[in-house]
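Trainee: Could we go through this model step by step, with the terms pinned down as we go?
Mentor: Yes, and we can begin from the display.

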Amino acid sequence: METLFAGNLSVDKLKFEQLYKSYCQAVYANIFKLVKDEIVAEDILQEVFYSFWKHRFEMKSDKSPAGWLFVVSHNKSLDFLKKKIKESITYVEDYQPFLSVEDHTPQVDEDIFEAQLSTLEEAVSKLSPQKQKVFRLCKYEGKSLDETAELMGLSKESVKDYLKQSKHFIKGYILKKETLEGTLGIYIVFMLSNI
């Protein structure tokens, strides 16, 4: 199985720049939802793409770079939040049970996350073209309702309505999908409620 990158530095840099342009806004939005701090989110974004560059020869061409980027950004954001919690708690003996529970927060498994993204994408593809575009602009590219309305020549209320209908449809689609196993469906629905 061949890797995503060729090993030719100039070709690799060009592919990396294209990948960065394609995913930086969505990855940043994913990080910011968790850390709620622009500077920290920007730092984590740079760490994620630096890590991607370091591991570029391990990337298989049949694997989605988006899945890797979102899993790593999610995990790095959680690591930041855990560190922040630890720093804000003054050590007291009574806090020890809390800390041991917090230390065992599970990391998101890349295969599960890719399956979730695939299911989400499948549901999005079932939307009408207009709703798909609204959903992708707002949720994947992080555009505001006003920006999306302007880009599509719609009213802000129409965009809001399309987005609401899309989220409702996608949640229903995911919950009805027979191949989903309990926690996977719940996790995707949780993610949708936060995007």
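Mentor: Rings of Phe, Tyr and Trp (its six-membered ring) pair if their centres lie within 6.5 Å, and planes under 30 degrees apart count as stacked, over 60 as edge-to-face and the rest as tilted. This is a predicted model, in which local features need pLDDT of at least 70 and side-chain atom pairs count only at pLDDT 80 or more, while totals for chains, interfaces and linings use all residues. Residues are numbered from 1 along each chain as its sequence is written, and side-chain values use heavy atoms, with hydrogens and water left out.

Trainee: Which residues do ring pairs link into a cluster?
Mentor: The structure holds 7 aromatic pairs. In one of them the ring centres of F16 and W53 are 5.2 Å apart and the planes stand at 70°, so this pair is edge-to-face. The cluster that ring pairs link together consists of F16, Y20, F49, F52, W53 and W68.

Trainee: How many residues apart are F16 and W53 in the chain?
Mentor: Helices are DSSP runs of H or I with at least four residues, strands are runs of E with at least two, and both are numbered from the N terminus. F16 belongs to helix 1 and W53 to helix 2, so that the pair, edge-to-face at 70°, links distant parts of the chain, and the separation is 37 residues.

Trainee: Is F16 buried or exposed?
Mentor: Buried means under 20% relative accessible area, exposed over 50%, and partly exposed in between, with a 1.4 Å probe and protein chains only. The relative accessibility of F16 is 16%, so F16 counts as buried.

Trainee: Which helix gives the largest share of the largest nonpolar core?
Mentor: A nonpolar core is a set of buried Ala, Val, Leu, Ile, Met, Phe, Trp, Tyr and Cys residues joined through side-chain atoms within 4.5 Å. The largest one has 21 residues, and those with the most contacts inside it are V27, I31, V48, F49, F52 and L69. Two or more residues come from each of helix 1, helix 2 and helix 3 (65-88). The largest share, 8 residues, comes from helix 2.

Trainee: What is the relative accessible area of K36?
Mentor: K36 sits in the loop between helix 1 (9-35) and helix 2 (38-54). Its phi is near 55°, a positive value in a residue other than glycine. Most residues other than glycine have a negative phi. K36 is exposed, and its relative accessible area is 59%.
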